[in-house]
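Biologist: Before I plan anything at the bench, please take me through this model and say what each term stands for.

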Amino acid sequence: MNGGPSGFSNAPVAKAFVIGSALFTVFFGIRGRSSKLGLSYQDIFEKFRVWKLIMSIFAFSSTPELMFGLYLLYYFRVFERQIGSNKYSVFILFSMTVSLLLETLLLSLLKDPTANLLTSGPYGLIFASFVPFYFDIPVSTRFRVFGVRFSDKSFIYLAGLQLLLSSWKRSILPGVCGIVTGSLYRLNVLGIRRAKLPEVMTSFISRISLPSIGNSPRSPNRNVLGGMSTHPARQQERSYQAAPMAASVAPSEEAIATLVSMGFDSNAARQALVHARNDVNAATNILLEAQSH
């Protein structure tokens, strides 16, 4: 199991979020204010510190949390490739908003005077992503270590457990809120899974993301599951389906592995790549279209 192609290819929204989270964390660390991040009852209901409310979504409060958090955010870019940047942007907004509301509700119920009762960082997004990771990402290999069974997904779960327990109660509560939020998204509450961010917004994110970090060059008329228009891809799909099979090229093992890492069956991935002439993006659209019927 892997996250598909290395770097942030076809995942501009995930790249922008990872870069933003890292920059905010470093900024507060340099200013010596990392220890002041986090939420408490006084921050929200007495002192109304809006800046802490906003920063708690992005900036981690310690270096270990930053390392494990960015690693998980980087891995979960696979979901942007799977559902597209428009829907993944909605997933991010939904995860951060709902988890923040749940954290606020917890603070109102606990009324604990402890300073920074909840640690800061995008815990809502990270742990909401574990829900589709559990249900939608298949296990590709299993192995034993000292008689204990593991899978290739175990390393992601271990990283998540380390992050969840990094600050004990301060990190467990935001993590649980994230898992609840991810469950609500999967249950399609209010039809949220059908919502999409306007194309112009995801295209803007794609443009402002630092192009030199992790993105491979791509043609502007190709559909990329990550910010560019899907209209050309639909035209490509129609042309691929209409093209004779003899003109198709044999799918590469790397392309098949990329689609399998997104959760698709290997045989279906191979057939889609044949129809798409080994274009991973068009093949992904073909598979997603087949799943919707």
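**Surface, helices and core**

Biologist: Is Leu161 buried, partly exposed or exposed?

Modeller: Buried means under 20% relative accessible area, exposed over 50%, and partly exposed in between (1.4 Å probe, protein chains only). The relative accessibility of Leu161 is 44%, so Leu161 counts as partly exposed.

Biologist: What kind of model is this?

Modeller: Residues are numbered from 1 along each chain as its sequence is written, and side-chain values use heavy atoms, with hydrogens and water left out. The model is predicted: local features need pLDDT of at least 70, side-chain atom pairs count only at pLDDT 80 or more, and totals for chains, interfaces and linings use all residues.

Biologist: Which element gives the largest share of the nonpolar patch?

Modeller: A patch is made of residues with over 30% relative accessible area and no salt bridge (a side-chain nitrogen of Lys or Arg within 4 Å of a carboxyl oxygen of Asp or Glu); nonpolar side chains (Val, Leu, Ile, Met, Phe, Trp, Tyr) are joined within 5 Å. This patch covers about 980 Å² (Shrake-Rupley method, 1.4 Å probe, only the protein chains shown counting as cover), and Leu161 is among its residues, as are Tyr71 and Trp168. Strand 1 (142-145) and helix 8 (154-164) each give two or more residues; helices (H or I, at least four residues) and strands (E, at least two) are DSSP runs, numbered from the N terminus. The largest share, three residues, comes from helix 8.

Biologist: What covers the buried residues of helix 8?

Modeller: The buried residues of helix 8 are Ser154, Ile156, Ala159, Gly160, Leu163 and Leu164. Their cover, by contact (heavy atoms within 4.5 Å), includes helix 4 (63-75), helix 7 (123-136), strand 2 (148-151) and helix 9 (169-186).

Biologist: Which helix gives the most to the largest nonpolar core?

Modeller: A nonpolar core is a set of buried Ala, Val, Leu, Ile, Met, Phe, Trp, Tyr and Cys residues joined through side-chain atoms within 4.5 Å. The largest has 59 residues, and Leu72, Phe130 and Leu259 are among those with the most contacts inside it. With nine residues, the most is given by helix 6.

Biologist: How far does helix 6 reach from its first C-alpha to its last?

Modeller: Helix 6 runs over residues 85-110, 26 residues, and is followed by Lys111, whose phi is positive, near 50 degrees. The expected span is 1.5 Å times one less than the number of residues. For helix 6 that is 38 Å, and the reach is close to it, at 37 Å.

Notes: Patches are made of residues with over 30% relative accessible area and no salt bridge: like charges are joined within 9 Å, nonpolar side chains (Val, Leu, Ile, Met, Phe, Trp, Tyr) within 5 Å.
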